[in-house]
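Please brief me on this protein model. I want the fold, the surface, one pocket and a handful of residues worth a look.

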Amino acid sequence: MSEMPQCTKCESEYTYQDGELFICPECAHEWSVTASEHDGDSLEVKDSNGNLLHDGDTVSVIKDLKVKGSSSVVKVGTKVKNIRLVEGDHDIDCKVPGIGAMKLKSEFVKKV
């Protein structure tokens with residue numbers, strides 16, 4: 001059995017892995033496998049203007065975006081706070097005000 005890392009928040013030794021995340025059952029802290037292996041943010045995501053994005057940044061939508069499976073639209077200028085960067089085609093996880101949880105492409109946002 002491989003050695004599980006201790007929780008990065010409370011130092012608990014009872015962590016477990018769920019997919020790409022490590023989870024601490026004592027404090028409910030979650031962190032990614034890649035972050036623990038590389039000791040930092042190895043994911044490089046840039047906005048439409050070429051600015052480097054980081055977890056927790058605030059971005060603004062630069063184009064009306066249709067929400068797939070719904071008649072809703074994310075309007076130009078909508079500010080999205082506290083983004084989370086993920087790997088994949090849609091590289092931003094966030095909660096859009098008035099819409100809910102969504103994944104966005106970094107090419108349709110700019111850093112505020």
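The points below go from the whole chain to single residues.

This is a predicted model. The protein has one helix and 13 strands. Of its 112 residues, 29% count as buried. One aromatic pair is present.

**Overall fold**

- Along the sequence, the elements follow the pattern β-β-β-α-β-β-β-β-β-β-β-β-β-β.
- Take the contacts in the protein with a separation of 6 or more: 36% of them join residues 24 or more positions apart.
- The accessible surface of the protein is about 7700 Å². Carbon and sulfur atoms hold 46% of that surface.

**The aromatic pair**

- A pair of aromatic rings is described by the distance of the centres and the angle of the planes.
- Here the partners are Phe22 and Trp31. Their ring centres are 5.7 Å apart, and the planes make an angle of 35°.
- The pair counts as tilted because 35° falls between the cut-offs of 30 degrees for stacked and 60 for edge-to-face.
- Phe22 has 6% relative accessibility, so it counts as buried.
- Trp31 has 8% relative accessibility, so it counts as buried too.

**Around Phe22: Glu30 and Tyr16**

- Glu30 belongs to strand E3, residues 30-32. At 47% relative accessibility, Glu30 is partly exposed.
- Beyond its neighbours within four places in sequence, Glu30 contacts Leu21, Phe22 and Ile23.
- Glu30 and Thr8 are 22 residues apart in sequence. Their C-alpha atoms are 8.9 Å apart in space.
- Tyr16 sits in strand E1. Its relative accessibility is 40%, so Tyr16 counts as partly exposed.
- With neighbours within four places in sequence set aside, Tyr16 is in contact with Leu21, Phe22, Ile23 and Pro25.
- Tyr16 and Pro5 are eleven residues apart in sequence, with 8.7 Å from C-alpha to C-alpha.

**Positive phi outside glycine**

- Glu11 is not a glycine, yet its phi is positive, at about 65°.
- Glu11 lies in the segment before strand E1 (16-18). With a relative accessible area of 53%, Glu11 is exposed.
- Ala28 is not a glycine either, and has a positive phi of about 65°.
- Ala28 is found in the loop between strand E2 (21-23) and E3. Its relative accessible area is 58%, so Ala28 is exposed.

**Val61 and Thr78**

- Val61 is part of strand E6, residues 59-61. A relative accessible area of 2% makes Val61 buried.
- Not counting residues up to four places away in sequence, Val61 touches Val74, Lys75, Val76, Gly77, Thr78, Val80, Phe108 and Val109.
- Val61 and Ser106 are 45 residues apart in sequence. From C-alpha to C-alpha they are 9.4 Å apart in space.
- Thr78 lies in the loop between strand E8 (73-74) and strand E9 (79-80). This loop residue is buried, with a relative accessible area of 18%.
- Why does Thr78 count as buried? Its 18% relative accessible area is under the 20% cut-off.
- Outside its neighbours within four places in sequence, Thr78 is in contact with Val59, Ser60, Val61, Val96 and Pro97.

**The second largest pocket**

- The volume of the second largest pocket is about 160 Å³.
- Its lining consists of Leu65, Lys66, Val67, Lys68, His90, Met102, Lys103, Leu104, Lys105 and Phe108.
- By class, five lining residues are nonpolar, one is polar and four are charged.
- Strand E7 (65-66) and strand E12 (100-104) each supply at least two residues of this lining.
- Which strand gives the most to the lining? E12 does, with three residues.
- Phe108 appears in this lining, and Phe108 is also among the residues that Val61 touches.

How values were computed:
Residues numbered from 1 in each chain as written. Predicted model: local features only at pLDDT ≥ 70, side-chain atom pairs only at ≥ 80, totals over all residues. Heavy atoms only, no water. Phe/Tyr/Trp six-rings, centres within 6.5 Å; stacked < 30°, edge-to-face > 60°. Buried < 20%, exposed > 50% of the residue type's maximum accessible area, 1.4 Å probe, protein only. Helix = DSSP H or I, 4+ residues; strand = E, 2+ residues; numbered from the N terminus. Contact = heavy atoms within 4.5 Å. Areas by Shrake-Rupley, 256 points an atom, 1.4 Å probe, with all protein chains shown as cover. 1 Å grid on protein atoms, 1.4 Å probe; cavity = no way out; pocket = protein on both sides within 12 Å on 5 of 7 lines; lining within 4 Å. Points joined across faces, edges and corners; volume = space filled by probe spheres on them. Nonpolar A, V, L, I, M, F, W, Y, C, P; charged D, E, K, R; others polar.
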